[in-house]
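Please open the model in your viewer and keep the sequence panel beside it. The stops below say what to select next and what is there.

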Amino acid sequence: MDRDGSSSSSEESDIEERAVKANEDDDKLSHLRTELSQIPFCELQDLRNKVGSKRYNEAIHGFVEDRKNTEKTSSKTKKKSKNNPLEISSKQKVSRIRQVVAVKKKVARDPRFDDLSGQLNEEMFSKAYGFVDEMKANEKKEIEKELMKTKNAERKETLKMLLKRMKQQEESKKKKKMKDEERRKRKKEEMELVKQGKKPFYLKKSERKKLELAEKYKKLKSSGKLEKYLSKRRKKTASKDRKHIPHRRQADS
């Protein structure tokens with residue numbers, strides 16, 4: 001009985017407080033209206049243009065909107081007592097799809113770009129897949145045989161293109177292999193010097209390129225292909241430079 005009496009008295013006090021607040025707001029509103037009625041409309045319009053419609057509405061209609069918002073919130077969520085559960089309107093729809101049990105999302109994993117797969121060891125990879133090079137060599141021989149036998153012009157052209165591409169791939173692979181061997185050799189020499197007590201020295205990328213180029217020129221000179229290579233390089237650089245030279249316009253005849 002005492003609990004019911006205390007809850008009813010608290011409800012009555014809340015209602016009284018709301019009524020007092022509403023009366024105060026009404027008094028403020030009536031006072032503001034009387035003040036605004038004395039100000040000319042053109043001055044109010046100028047004030048609105050200067051301040052902006054948002055601030056103007058906040059200044060004049062702000063507390064009225066606040067009162068409306070408080071009334072809305074109080075009507076939405078009602079509590080008869082602090083111990084009772086919160087009452088929500090039955091008009092609000094409940095979503096049909098609900099997650100009852102949390103399920104982990106499956107994430108696709110690409111082993112090529114994942115750290116869990118470990119680091120790539122190119123030497124081991126080339127040893128493990130060495131049979132692919134043998135297969136390519138056999139395929140190249142078959143293409144060469146077919147090229148000798150075939151009489152169809154279109155087929156001959158496609159086989160030539162395929163053979164050229166395979167040769168280019170072989171050349172690039174050989175160059176890469178030579179570079180890797182040179183790098184490995186330098187690394188081994190450096191490690192030996194470090195063991196002897198020398199401070200470790202790491203070549204810059206530009207210095208490494210210079211050494212590789214010098215080694216390349218040395219090999220080309222020994223094979224007698226240096227002049228041919230240099231003439232090709234000159235032609236290539238000349239064609240690049242020619243693109244940047246502005247062309248002279250022909251005079252209209």
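Select Leu120 to begin, and you will find this residue in the loop between α3 (53–76) and α4 (122–128). This is a predicted model, so the values given on this tour are computed ones. Leu120 has a relative accessible area of 66%, and because a residue over 50% is called exposed, Leu120 counts as exposed.

Now add Phe125, Tyr129, Phe131, Val132 and Met135 to the selection, since together with Leu120 they form a nonpolar patch on the surface, with about 640 Å² of accessible area together. Which helix gives the largest share of this nonpolar patch? That helix is α5 (residues 130–149), from which 3 residues of the patch come.

Stay with helix α4 for the next stop and select Glu123 and Lys127, which both lie in this helix, 4 residues apart, or about one turn of the helix. Glu123 forms a salt bridge with Lys127, and the closest N and O atoms of the pair are 3.9 Å apart. Glu123 is partly exposed at 39% relative accessibility, while Lys127 is exposed at 66%. As background, side chains of opposite charge can pair when their charged atoms come close.

Move on to Lys140 and Glu170, whose side chains meet in a salt bridge with an N to O distance of 3.2 Å. Lys140 lies in helix α5 and Glu170 in helix α6, so this pair ties together parts that are 30 residues apart in sequence. Is Lys140 buried or exposed? With a relative accessible area of 16%, Lys140 is buried, whereas Glu170, at 30%, is partly exposed.

Select Glu146 and Arg155 next, where another salt bridge joins the two side chains at 2.9 Å, N to O. Glu146 has a relative accessible area of 31% and is partly exposed, and Arg155 is likewise partly exposed, with 38% relative accessibility. A search of the whole structure finds 5 salt bridges.

For the interior, select Ile143, Leu147, Leu159, Leu163 and Met166, which make up the largest nonpolar core, 5 residues in all. The elements that give two or more residues to this core are α5 and α6 (153–196), and α6 gives the most, with 3 residues. If you centre the view on Ile143 and leave aside its neighbours within four places in sequence, you will find Ile143 in contact with Leu159, Leu162, Leu163 and Met166.

Step back now to the whole chain, which has 8 helices and 0 strands. Buried residues make up 8% of the 253 residues in the protein chain, and the chain exposes about 25000 Å², of which carbon and sulfur atoms supply 53%.

Finally, colour the chain by pLDDT, which averages 75, with 72% of the residues scoring at least 70. Confidence is lowest in α3, at a mean of 55, and highest in α5, at 90. Over residues 1–5 the pLDDT is below 50, and this stretch has 0 contacts in the model beyond near neighbours in sequence. Residues 63–68 also stay under 50, and for them the model has 8 contacts beyond four places in sequence.

How values were computed: Residues numbered from 1 in each chain as written. Predicted model: local features only at pLDDT ≥ 70, side-chain atom pairs only at ≥ 80, totals over all residues. Heavy atoms only, no water. Patch = residues over 30% accessible without salt bridge, like charges linked within 9 Å, V, L, I, M, F, W, Y side chains within 5 Å. Areas by Shrake-Rupley, 256 points an atom, 1.4 Å probe, with all protein chains shown as cover. Salt bridge = Lys/Arg side-chain N within 4 Å of Asp/Glu carboxyl O. Buried < 20%, exposed > 50% of the residue type's maximum accessible area, 1.4 Å probe, protein only. pLDDT = per-residue confidence, 0-100. Contact = heavy atoms within 4.5 Å. Core = buried A, V, L, I, M, F, W, Y, C linked by side-chain atoms within 4.5 Å.
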